[in-house]
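Colleague: Could you walk me through this one, and tell me what lies behind each label as we go?

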Amino acid sequence: MPGALARKGSGMHPPFLGFAPIGEGGQDLLEIEAEIAGSVWKVEAAVGDRVEEEQVLLILESMKMEIPVEAPCAGVVRAIKVEEGATVEEGTVLVLIESE
């Protein structure tokens with residue numbers, strides 16, 4: 001079960017298939033959002049890391065299940081908006097990735 005959605009424009013797309021072009025100067029930043037309420041169990045990426053498509057960025061825990069949050073595309077992690085142990089709601093922005 002995927003743990004995040006990436007948003008494109010005004011509509012929601014299946015997990016990991018869209019992006020929100022929030023960058024400037026030709027850079028696309030993807031807002032990776034929590035798909036389900038839970039807690040941040042483990043952060044596996046760091047700001048500045050180069051990640052591959054489907055690489056695990058962090059792991060959410062919800063209803064005693066571990067839910068990996070994967071990168072929707074290859075890119076560079078520009079921000080991690082949550083810390084381990086934090087409680088998140090559905091739609092919370094977790095990570096910003098600059099797509100390649």
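**Confidence first**

Modeller: Gladly, and I'll start with a caution: over residues 7–19 the pLDDT stays under 50, and for this stretch the model has 31 contacts beyond four places in sequence. Here pLDDT is the predictor's confidence in each residue, from 0 to 100, and a contact means heavy atoms within 4.5 Å. This is a predicted model, in which local features need a pLDDT of at least 70 and side-chain atom pairs count only at pLDDT 80 or more, while totals for chains, interfaces and linings use all residues. Residues are numbered from 1 along each chain as its sequence is written, and side-chain values use heavy atoms, with hydrogens and water left out.

Colleague: Where in the protein chain is confidence lowest, and where is it highest?

Modeller: Strand β2 (residues 11–12) has the lowest confidence, with a mean of 38, and strand β5 (residues 50–51) the highest, at 98. The chain averages a pLDDT of 82, with 73% of the residues scoring at least 70.

Colleague: What makes a run of residues a strand here, and how many are there?

Modeller: Strands are DSSP runs of E with at least two residues, helices are runs of H or I with at least four, and both are numbered from the N terminus. By that rule the protein chain has 10 strands and zero helices.

**Strand β10 and its partners**

Colleague: Why is strand β10 described as largely enclosed?

Modeller: Buried means under 20% relative accessible area, exposed means over 50%, and partly exposed is in between (1.4 Å probe, protein chains only). In β10 (residues 93–99), five of the seven residues are buried, so the strand is largely enclosed by the rest of the structure.

Colleague: Which strands pair with β10, and how do you know that they do?

Modeller: Two strands pair if DSSP finds at least two bridges between them. Strand β3 (residues 29–34) pairs with β10 in the antiparallel sense over five bridges, and strand β8 (residues 75–80) also does so over five bridges. Five meets the minimum of two, so both count as paired. On the β3 side, Glu-33 stands opposite Val-93 of β10; on the β8 side, Gly-75 has Ser-99 of β10 as its bridge partner.

**The nonpolar core**

Colleague: What makes a group of residues a nonpolar core?

Modeller: The members must be buried Ala, Val, Leu, Ile, Met, Phe, Trp, Tyr or Cys residues, joined through side-chain atoms within 4.5 Å. In the largest such core, which has 20 residues, those touching the most other members are Leu-57, Leu-58, Leu-60, Val-88, Leu-94, Val-95 and Ile-97. At least two residues of this core come from each of β3, β6 (56–62), β7 (65–70) and β10.

Colleague: What does Leu-58 touch beyond its sequence neighbours?

Modeller: Leaving aside residues within four places in sequence, the contacts of Leu-58 include Ile-67, Val-69, Val-82, Leu-94 and Val-95.

Colleague: And Ser-62 in strand β6: why is Ser-62 called buried or exposed?

Modeller: Its relative accessible area is 8%, under the 20% limit, so Ser-62 is buried. Beyond four places in sequence, Ser-62 touches Ile-36, Ala-37, Gly-38 and Ile-67.

**Salt bridges**

Colleague: How many salt bridges are there, and what makes a pair one?

Modeller: A side-chain nitrogen of Lys or Arg must lie within 4 Å of a carboxyl oxygen of Asp or Glu, and the count comes to three. Arg-50 and Glu-100 form one of them, with the closest N and O atoms 1.9 Å apart. This pair links distant parts of the chain, with Arg-50 in strand β5 and Glu-100 in the segment after β10, 50 residues apart. Arg-78 and Glu-98 form another, at 2.7 Å from N to O. They too join distant parts of the chain: Arg-78 is in strand β8 and Glu-98 in strand β10, 20 residues apart. The side chains of Glu-44 and Lys-42 also meet in a salt bridge, at 4.0 Å from N to O.

Colleague: Why do Arg-78 and Glu-98 carry the burial labels they do?

Modeller: Arg-78 has a relative accessible area of 42%, so it is partly exposed. Glu-98 is at 16%, and therefore buried.

Colleague: Why is Glu-100 called exposed?

Modeller: Its relative accessibility is 61%, which is over 50%, so Glu-100 counts as exposed. Besides Arg-50, Glu-100 touches Ala-74, Gly-75 and Val-76, not counting residues up to four places away in sequence.
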